[in-house]
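Trainee: Could you take me through the charged side chains that pair up in this protein?

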Amino acid sequence: MRNFLKAEAYYVTKDPMFKGISLLLLFGSALLLVWMGVQVGFDIDGPLEPLITSIQLSFFLYFIIPIYVCFFATEGFEYGSVQTIIASGQRRSLYLLGKYLTELKVVVWWVIQFFGLFYVLYMLAAFVTGSHIGNESLEGKFIVAMGAIGFNILYLAAYSAVVLLLGVLMKKSATAVIATFVFVFGDFLLSGYLKDSSYVYLRVISENTLTTQIFKFSAVNSHEIYTLNESVRMILIPVVIIGVCLSVALISFEKRDVHL
């Protein structure tokens with residue numbers, strides 16, 4: 001298992017798509033910084049305000065990262081490496097778990113890169129330009145900011161579990177990408193179009209979609225603290241999705257032929 005994880009990590013570091021998305025996030029952070037500097041300048045009420053701002057713009061991560069996960073989940077089927085790995089004695093369950101753990105490491109890295117890089121660049125720009133940096137209380141904003149970052153990682157982990165399941169079921173990257181787009185935009189549409197439905201069960205579906213929860217912790221402000229019930233719901237939904245998707249993916253992978 002350890003050797004397999006090392007091999008997957010090596011593959012990721014050499015993957016042109018991984019490098020391209022990393023550069024895209026770097027460019028996006030810099031572009032966002034320039035846009036904000038032109039529009040409102042770099043004056044801030046407290047040192048955590050740039051982090052709060054970047055969290056409010058984090059939703060586009062859910063349109064980029066799942067696509068990469070889709071290609072990563074299916075590359076073993078596309079290039080035939082999954083047959084070689086399993087033939088060498090690697091258990092299918094450990095192969096699947098290794099894939100998912102590697103996906104999680106990529107997710108954590110990109111979340112840290114996106115939020116951390118933007119924050120560092122913003123603070124450097126504020127110091128260089130001599131902008132005002134207030135001393136607003138850090139405690140409330142720190143709790144909200146760290147909670148939102150943690151939720152982003154958890155929900156991207158849920159998206160990754162769904163996409164891994166789609167990859168195992170479909171095996172082909174092109175088909176899995178289409179299914180991933182349908183899932184991402186379908187969840188988004190269910191969140192928006194059903195929330196005002198006259199039917200109670202449709203409103204319940206809307207209230208419990210991933211997108212609805214993402215909007216809750218992405219639209220943060222410095223005074224927002226979630227209630228206990230909201231926090232439990234926001235944790236439970238992705239955890240259940242991760243458990244169900246990984247279980248179904250494992251059952252399917254164990255019983256189906258690995259050949260295309």
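Mentor: Let us start with the term itself: a salt bridge is a side-chain nitrogen of Lys or Arg within 4 Å of a carboxyl oxygen of Asp or Glu. This is a predicted model, in which local features need pLDDT of at least 70 and side-chain atom pairs count only at pLDDT 80 or more, while totals for chains, interfaces and linings use all residues. Residues are numbered from 1 along each chain as its sequence is written, and side-chain values use heavy atoms, with hydrogens and water left out.

Trainee: How many salt bridges are there by this rule?

Mentor: Side chains of opposite charge can pair when their charged atoms come close. Applying the rule to this model gives a count of four.

Trainee: Which residues are linked with K99 in a network of salt bridges?

Mentor: K99 forms a salt bridge with E8, their closest N and O atoms being 3.0 Å apart, and this pair links helix α1 (residues 2-14) to helix α6 (residues 92-128), where helices are DSSP runs of H or I with at least four residues, numbered from the N terminus. K99 also meets E75 in a salt bridge, at 2.3 Å from N to O. The residues that share the network with K99 are therefore E8 and E75.

Trainee: Is K99 buried or exposed?

Mentor: Buried means under 20% relative accessible area and exposed means over 50%, with partly exposed in between (1.4 Å probe, protein chains only). Because K99 has 1% relative accessibility, K99 counts as buried.

Technical notes. Helices (H or I, at least four residues) and strands (E, at least two) are DSSP runs, numbered from the N terminus.
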